[in-house]
Amino acid sequence: MEYYSQDAYFVTASLISIAFFLWYASRLRRTAILLPPGPPGLPVLGNLLSVHQFTHRGLAKLSKIHGGCFHLRVGQVNVFVVSSPETVREIIHENDSVFSHRPVTAAMVYVSYDLADMAFAHYGPFWRQMRKLCVLKLFSPRRDVSWRVVRGEVDALVRSVAELRRVAGSVGDLVFKFATNVTFRAAVGAQSREDEKVFVDIILELSEIFMAFNMGDYIPCLGWLDLNGIGKRMAAARHALDVFIDRIIDEHLAKLRNGDVSASDMVDDMIAYLVDAPGGRHKRADGVELGDLHLTRDNIKGQILARNV
């Protein structure tokens, strides 16, 4: 009986494997008719093992072989490489609304609170309202008065670069620190150096997560395995961000409840449109008509995050 059961398992597994490859091959044949030419790939993996060769020089060589618009299959993701000026013009000018969405990874979706900010949100009514808020309020030239404290960071950057003549160092690290410090002070106001360090550490971790290779982005059926450990890192980073920014928002809401309706930083500006703000939408007379915009805490967190990552 044991031999029969083993044979049955073997036959069942073989039939399932054959059925899967037949289905996958038929799927490839159906889609290949609609796709541009491109280098051949392996089953399931496609051209995933050749990703390291897809530099600008490598893609230029492939364009000479397959033409100005060719197709790469990276895992289960279809990638189209366009190098022909005529095709680029057709995409940008004639079909710009079709190609306006940027591709997003699992890390971007999770850490940006399901695309709750302007940087990662798809083009649509919400994106247009967020863009209007950024242009008229968050990044308005009128904010220069409230950003004077940031100029101290510019002086510190110049002094640090000058010191590199005597001591070896990384200009990239200095610029990153400058950018995060500027964003921190402009976004949440003057806080302690301890808060600033916590914020910078969170942004560093999120930047590494965004740039890390995640197998689940290219083969979604393997995403639940979390082979790279990206899922655990995403959860820990977003929890840290939630705790930090929730505290900042609560402090600004407490100031609003005490009758202070002045907008001294970006969080104050966004709280004016926060759904659960205590009367903030009626007290704040900022001269900007954004009556249809209702922000949540996730929108505020995502917008602050988008300025750094």
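## An enclosed helix

Let us start with helix H13, which spans residues 297-306 and is largely enclosed by the rest of the structure because seven of its 10 residues are buried. Buried here means under 20% relative accessible area, while exposed means over 50% and partly exposed is in between (1.4 Å probe, protein chains only). Helices are DSSP runs of H or I with at least four residues, and they are numbered from the N terminus. The buried residues of H13 are Asn299, Ile300, Lys301, Gly302, Gln303, Ile304 and Leu305.

A word on the background: this is a predicted model, in which local features need pLDDT of at least 70 and side-chain atom pairs count only at pLDDT 80 or more, while totals for chains, interfaces and linings use all residues. Residues are numbered from 1 along each chain as its sequence is written, and side-chain values use heavy atoms, with hydrogens and water left out.

## Salt bridges between H13 and H10

How many salt bridges does a search of the whole structure find? The search gives eight, where a salt bridge is a side-chain nitrogen of Lys or Arg within 4 Å of a carboxyl oxygen of Asp or Glu.

One of them brings us back to H13: lysine 301 meets aspartate 242 with 3.0 Å from N to O. This pair links distant parts of the chain, since lysine 301 is in helix H13 and aspartate 242 is in helix H10, 59 residues apart. Lysine 301 is buried, at a relative accessible area of 4%. A further salt bridge joins aspartate 246 and arginine 297 at 3.2 Å, N to O. Here too distant parts of the chain are linked, with aspartate 246 in helix H10 and arginine 297 in helix H13, 51 residues apart. Arginine 297 is partly exposed, with a relative accessible area of 22%. Through shared partners, salt bridges join Asp242, Asp246, Asp250, Arg297 and Lys301 into one network.

## Where H8 meets H10

Helix H10 also has a salt-bridge partner in helix H8. The side chains of arginine 233 and glutamate 208 meet at 3.3 Å, N to O. Arginine 233 in helix H10 and glutamate 208 in helix H8 are 25 residues apart, and their pair links distant parts of the chain. Arginine 233 is partly exposed at 29% relative accessible area, and glutamate 208 is partly exposed at 44%.

## Aromatic pairs

A pair of aromatic rings is described by the distance of the centres and the angle of the planes. Rings of Phe, Tyr and Trp (its six-membered ring) pair if their centres lie within 6.5 Å; planes under 30 degrees apart are stacked, over 60 edge-to-face and the rest tilted. The count comes to four aromatic pairs. Among them is the tilted pair of phenylalanine 199 and phenylalanine 244, at 5.8 Å centre to centre and 35 degrees between the planes. Phenylalanine 199 lies in helix H8 (residues 193-211) and phenylalanine 244 in helix H10 (residues 230-257), so this pair ties together parts that are 45 residues apart in sequence. Both rings belong to buried residues: phenylalanine 199 has 2% relative accessibility and phenylalanine 244 has 4%.

Is the pair of phenylalanine 213 and tyrosine 218 stacked or edge-to-face? Their planes are at 15 degrees and their centres 5.4 Å apart, so the pair is stacked. Phenylalanine 213 is partly exposed at 39%, and tyrosine 218 is partly exposed at 27%.

## Charges over rings

A charge sits over a ring if NZ of Lys or CZ of Arg is within 6 Å of the ring centre and within 35 degrees of the ring normal. Arginine 238 has its charged end over the ring of tyrosine 110, 4.3 Å from the centre. The charged end of arginine 128 sits over the ring of tyrosine 123, 5.4 Å from its centre.

Notes
Helices (H or I, at least four residues) and strands (E, at least two) are DSSP runs, numbered from the N terminus.
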